[in-house]
Amino acid sequence: MMKEELRRIMNMKHNIRNMSVVAHVDHGKTTLVDSLVAAAGIIPQDMVGDVRMTNTRTDEIERGITIKSTGISLYYEMTDESLQNFKGERNGNEYLINLIDSPGHIDFSSEVTAALRITDGALVVVDCIEGVRGHTETVLRQALGERVKPVLTVNKMDRCLLDFQVDGEEAYQSFQRAIESVNVIIATYEDEALGDVQVFPEKGTVAFSAGLHGWAFTLTNFAKMYAVKFGVEEAKMMERLWGENFFDPATRKWTTKNTGSPTCKRGFVQFCYEPIKQIINICMDDQKEKLWPMLEKLGVEMKAEEKDFGGTALMKRVMQTWLPASDALLEMMIYHLPSPAMAQKYRVDILYKGPLHDIYANAIRNCDTEGPLMLYVSKMIPASDSGRFYAFGRVFSGKIATGMKVRIMGPNYIPGQKKDLYLKSVQRTIIWMGNKQESVEDVPCGNTVALVGLDQFINKNATLTNEMEEDAHPLRAMKFSVSPVVRVAVACWYPSDLPKLVEGLKRLSKSDPLVVCSIEESGQHIIAGAGELHLEICLKDLQDDFMGGAWLVVDHPVVSFRETVLEKSCRTVMSKSPNKHNRLYMEARPLEDGVAEAIDEGRIGPRDDPKIRSKILSEEYGWDKDLGKKIWCFGPETTGPNMVVDMCKGVQYLNEIKDSVVAGFQWASKEGALAEENMRGIRFDLCDAVLHADAIHRGGGQIIPTARRVIYASQLTAKPRLLEPVYLVEIQAPEKALGEIYTVLNQTRGRVFEEVQRQGTPLYNVKAYLPVYDSFGFFGRLGHATSGQAFTQCVFDHYDIMSSDPLEENSEAAKIVADIRKRKGLKQQMSPLSEFEDKL
């Protein structure tokens, strides 16, 4: 199959289907995709189920799971008879299917989101034995959130027939349950614009498949066959083959209830399940003399050399020839999934950020090749060599061509501004074919595409448009269903590899839609991922692919504590300058509740008008009116949540030393007396100062160290405490997992403060506070305890005072202080108060 053919069909927007395959981990997505790849002639039919063509990475093959979503474009020519009932628009019988195989593990669900954004339909795969699992719901919810239309296949039928030998009625009930669970989820997250997208076997939106053996059927297959035999219409026969319809061959009558006679059976069991079971059993028992006449009746022709097969090989061949998986799945995709031309009509509202009636929105709505270019890059795929990336995405309107100059709008771009905006030429446009790529001249709208030469300007995702289109708004950023909560710190084994590490982290952050790489205030490089497995894969990629095998050291990230005080200093403390000619008197007290947060948010700050600031402080926090005008400064870094207030009365030369005191305070508030951590929520009152009359004896060299010492002394006399950072953890889980969640939270000093049931669903939303210090390994344990049903998100929320006293030996806080001091290479014992305070 040549790329010219592919390129030709790309123009027929009604004959394109963009779809992703989504499911819970290990329900058989990748194996099922093989059947479709084989039907397009890319791999031989007898290798179906063993190749797993879309697992392109070595670690995917070793672990047997999909890690990155992989795109593949497939070309099919359909027969006239298979399309005779198709009511929609089409040009001829050739179809192009852009298919994306996505991972099922919860840790990689960001890859699923990236896949769903650029497709219009989703094939949801459900294991017929396990049924709908926790993650099936998550991916379905994501699909419906992106307005992607689902169809369902009940997979692993071979387990039902061979491993478990389930009888007909029981199998029907278990399929029915799986389909109902899927419909409950679809109904829960329904979207008006998408219409009713529930799936029903009798409507043809559910297939039954065995990916490993490469066969599948929808009820249409059987309805066609029996419609001729019974002389009824196909549509009527379809309805009879599912639901409460029973047939008794003895009386040759259909009834809606089981008559109780031994020959009366449900339509589905009688006409679909049992014939398949019978043929499979005959093949497995090698009863060939019975087999050939049956196949002849069914119109199945076997090649001469295939007639010598035995056991499983024979069964696989017979089933593939009689009910090829690709036919059933293709029919379902072509009939029931929308073409780009249809889907973009209702998807434009949630895709486009700008006004919904400008030329860009209309071009997307009509999938207009002649309109302005709108292209969304949903992920970056690392090229096999040299650290370059392909930008993989979808053209929503216009066309993208090699050598064209495009405007790249990043996620932070605001129309009319220059921020996060680049102009750059596309070097090559490429069609993605699993493990190989084909260059083409241009790609029109409605198709997926990979671009070369834009990787320096795109981090994770972006919107592309023509060079001159300055009024275009970017497309909406994707909402991920997981958040990067599990963090590790990485460092190089050899310090000389540091430049490699920095470069490697940049590339890693491009290659994965979710991972966040940052530098902490402690100078550590932090990688945050969705779970332990996600991090393991990221670290492996970082080391092997992006750093050329350099050695890494992986450690727990450092938790940044803060220092604060509990009450007002027990006395006014005094420090003398080194030349004993100047004295500063000071007290420390905690800031009122909410002041530190107000400073963080910028409602109160150094650049405010003192009148407005003192009004806020006096009205909301009960300060004295004049005090608000006497704030000298905020710190650390001039904007932090601590302050110095001037309480002096009639001190000479005070203004001349203001700068020096401020400098001493910035230094002290950045490195507190307990463990050199930042201070938070402390107000230092300068009560009095005795200064030398001669300016030369009260310069910076005298005052700055004095100010620092007096600040430390006042902190230590005001019951110093540590503040620890706390995550707000949101956990969504079914009722039966709640017990385990509470157990895991109790082990880690977490406390639940809210638990609500989501209306109309069996899910509970649990909100809890979890100290960051205890969060390492928490998400792994939680996933383990709830077997992956709990779905967590966590963000930093606030600082909490630790109740124990760091000055008391062997208290919890004292141990943490000792740890931090050891890590920073300070001396083990804290400096005593006598070092900072002077006696008169």
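In this predicted model, helix H16, covering residues 498-511, lies across strands S21, S22, S23 and S24. The helix runs at about 25° to S23. Underneath that description sits an open sheet of 4 strands, and reading across it gives the order S22-S23-S21-S24, with antiparallel pairing. Strand S22 (516-519) and strand S24 (552-555) are the edge strands; each has a single partner, so one side of each goes without a neighbour in the sheet. Going from one strand to the next, the twist averages 30°. As for the pairing itself, S21 (residues 486-492) and S23 (residues 525-529) run antiparallel and are joined by 5 bridges. One handy pair to look up on screen is Ala489 and its bridge partner in S23, Ile526.

Stepping back to the whole chain, the secondary structure adds up to 24 helices and 34 strands. The C-alpha trace spans about 115 × 60 × 55 Å along its principal axes. Of the 840 residues, 56% are buried. Contacts also reach a long way along the sequence: counting those between residues at least 6 apart, 72% join residues at least 24 apart.

Helix H2 (residues 29-39) shows burial on a local scale. Here 10 of the 11 residues are buried, so the helix is largely enclosed by the rest of the structure. The buried set takes in Lys29, Thr30, Thr31, Leu32, Val33, Asp34, Ser35, Leu36, Val37 and Ala38. Charged and polar side chains are thus part of the list as well, with Lys29 and Asp34 among the buried residues. Following H2 comes Gly41, which has a positive phi, near 85°.

Next, the open spaces. The largest pocket holds about 840 Å³ of space. Its lining counts 26 residues, and those closest to the pocket centre are Glu81, Ser82, Asn221, Lys224 and Asp327. Several elements each put at least two residues into this lining: strand S2 (70-77) and helices H8 (219-230), H12 (311-322) and H13 (325-336). H13 gives the most, with 6 residues. Sorted by class, the pocket lining comes out as 13 nonpolar, 7 polar and 6 charged residues.

Closed-off spaces turn up too, with 3 cavities of 30 Å³ or more found across the whole structure. The largest cavity has about 60 Å³ of space. Lining this cavity are Lys353, Tyr376, Met409, Gly410, Pro411, Asn461, Ala462, Thr463, Pro474, Leu475 and Ala477. That makes 7 nonpolar, 3 polar and 1 charged residues.

The second largest cavity comes in at about 40 Å³. Around it are Ser69, Gly71, Ile100, Ala114, Ala115, Ile118, Ser378, Lys379, Ile381 and Phe392. Helix H4 (109-117) and strand S11 (374-382) each supply at least two of these lining residues, and S11 has the largest share, at 3 residues. The class split here is 6 nonpolar, 3 polar and 1 charged.

Technical notes:
Residues numbered from 1 in each chain as written. Predicted model: local features only at pLDDT ≥ 70, side-chain atom pairs only at ≥ 80, totals over all residues. Heavy atoms only, no water. Pairing = 2+ DSSP bridges. Axes fitted to C-alpha atoms, helices over the stretch in contact; angles between N-to-C directions. Contact = heavy atoms within 4.5 Å. 1 Å grid on protein atoms, 1.4 Å probe; cavity = no way out; pocket = protein on both sides within 12 Å on 5 of 7 lines; lining within 4 Å. Points joined across faces, edges and corners; volume = space filled by probe spheres on them. Nonpolar A, V, L, I, M, F, W, Y, C, P; charged D, E, K, R; others polar. Buried < 20%, exposed > 50% of the residue type's maximum accessible area, 1.4 Å probe, protein only.
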